[in-house]
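Me: Please take me through this protein and explain how each descriptive term is justified.

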Amino acid sequence: MRCPAHGFDRRAFLGMLGLGLAVAACSSPEPGKHDGPVAQPASSAPPPSPTGRTDPEPPPPPLQGQQKLSRGPAGTHHIALTVDDGYCDECVAGYVDFADRTGTHLTFSPNGTYAHAWAPHADKLRPLVERGQVQIMNHTFTHADLRKLNDHQIEAELDRNEQWVVSTFGTSTRPYYRPPFGFHNPRIEAAAAQSGYLYTVLWNGSYSDSELITPDFLMEQARKYLTPGTIMLGHANHPTVLGLFDQILALVKDRSLTPVTLDEMFGTHRPTTQ
């Protein structure tokens, strides 16, 4: 099957990257009809950090098989700042500017249905993606509750969003996906694996900003949850966070934490396309 967004043979592409996973991790799940990529060993060099931390950490152990990921490896000083959805044009622009201005490593989880907010920033995001500062994972195209969909519909949601991300940002989202609302079960995980998504990404900290909140409450959540190994959930949906980026970054620096992408946290990487 060929992906219409960029014209390559997806089955062959995923098969080759799936082979790389087997070599790197010495273990892989039973492949589905799509041999899911990726999970190649990342460089052991520490990522650039705006926080002042320069001490390298040992590379994390390779991920093996299907997994649910809700926090980083034990003993890490890394945190993963993840940003979902993006139906607020101003909020997406603010997050992209924050990443570009400060060098902070982020993982975005956009829905293609909000392309109006993301597409204007593709030219700025592509170089950040290419150098590994920004990662994009799959969050489905329409943000549907996957429990209400059949297996084919789940795969279609993920595949459609993947095609949009590849054509817009020049990168694959595989093998990481975040189910909307965090709703998942073994059937959803099995269907996602059929499309090459081996890692269900959840979280263990949140700004609780999927709805409109006050700045004080958002910072209270930040102080509560920004600790070593946290996968932090934020949203580009409401403008509250826009005036707080520098305060959040100061908190991260004060706690000697290093923001990293999921690839950097778990020792994987993905190819980019032109």
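The following exchange sets values against definitions.

Reply: This is a predicted model, in which local features need pLDDT of at least 70 and side-chain atom pairs count only at pLDDT 80 or more, while totals for chains, interfaces and linings use all residues. Residues are numbered from 1 along each chain as its sequence is written, and side-chain values use heavy atoms, with hydrogens and water left out.

Me: How many helices and strands does the protein have, and what makes a run count as one?

Reply: The protein has nine helices and nine strands. Helices (H or I, at least four residues) and strands (E, at least two) are DSSP runs, numbered from the N terminus.

Me: Why is Arg178 called buried or exposed?

Reply: Buried means under 20% relative accessible area, exposed over 50%, and partly exposed in between, with a 1.4 Å probe and protein chains only. Arg178 has 0% relative accessibility, and therefore counts as buried. Of the 274 residues of the protein, 55% count as buried.

Me: Where does Arg178 lie, and what makes its link to Asp84 a polar contact?

Reply: Arg178 is in the loop between strand 5 (176-177) and helix 6 (186-194). A polar contact is a pair of N or O atoms within 3.5 Å; within protein, one must be able to donate a hydrogen and the other to accept it, and residues adjacent in sequence count only if both atoms are side-chain atoms. The side chains of Arg178 and Asp84 make such a contact at 2.8 Å. The side chain of Arg178 also reaches the backbone oxygen of Leu202 at 2.9 Å. Leaving aside neighbours within four places in sequence, Arg178 is in contact (heavy atoms within 4.5 Å) with several residues, including Ser109, His139 and Trp203.

Me: How do you know that Cys88 and Cys91 form a disulfide, and what is its handedness?

Reply: A disulfide is a pair of cysteine sulfur atoms within 2.5 Å. The sulfur atoms of Cys88 and Cys91 are 2.3 Å apart, and a disulfide joins the two residues. By this rule the count comes to one disulfide. The torsion about the S-S bond of Cys88 and Cys91 is about 70°, so the disulfide is right-handed. Both Cys88 and Cys91 are buried.

Me: What makes a set of residues a nonpolar core, and which residues have the most contacts inside the largest one?

Reply: A nonpolar core is a set of buried Ala, Val, Leu, Ile, Met, Phe, Trp, Tyr and Cys residues joined through side-chain atoms within 4.5 Å. The largest has 41 residues, and those with the most contacts inside it are Tyr95, Phe108, Trp118, Leu226 and Ile248. Helix 2 (residues 89-102) supplies the largest share of this core, six residues. A second, separate core of 14 residues includes Tyr176, Ala193, Leu262 and Met265.

Me: Why are His143 and Phe181 placed in their exposure classes?

Reply: His143 has a relative accessible area of 15%, so it is buried. Phe181, at 47%, is therefore partly exposed. His143 is found in the loop between strand 4 (134-136) and helix 5, and Phe181 in the loop between strand 5 and helix 6.

Me: What is noted about the phi of His143 and of Phe181, and about the peptide bond between Arg174 and Pro175?

Reply: Most residues other than glycine have a negative phi, and most peptide bonds are trans. His143 has a positive phi near 65°, and Phe181 has a positive phi of about 65°. The bond joining Arg174 and Pro175 is cis, with omega about 5°.
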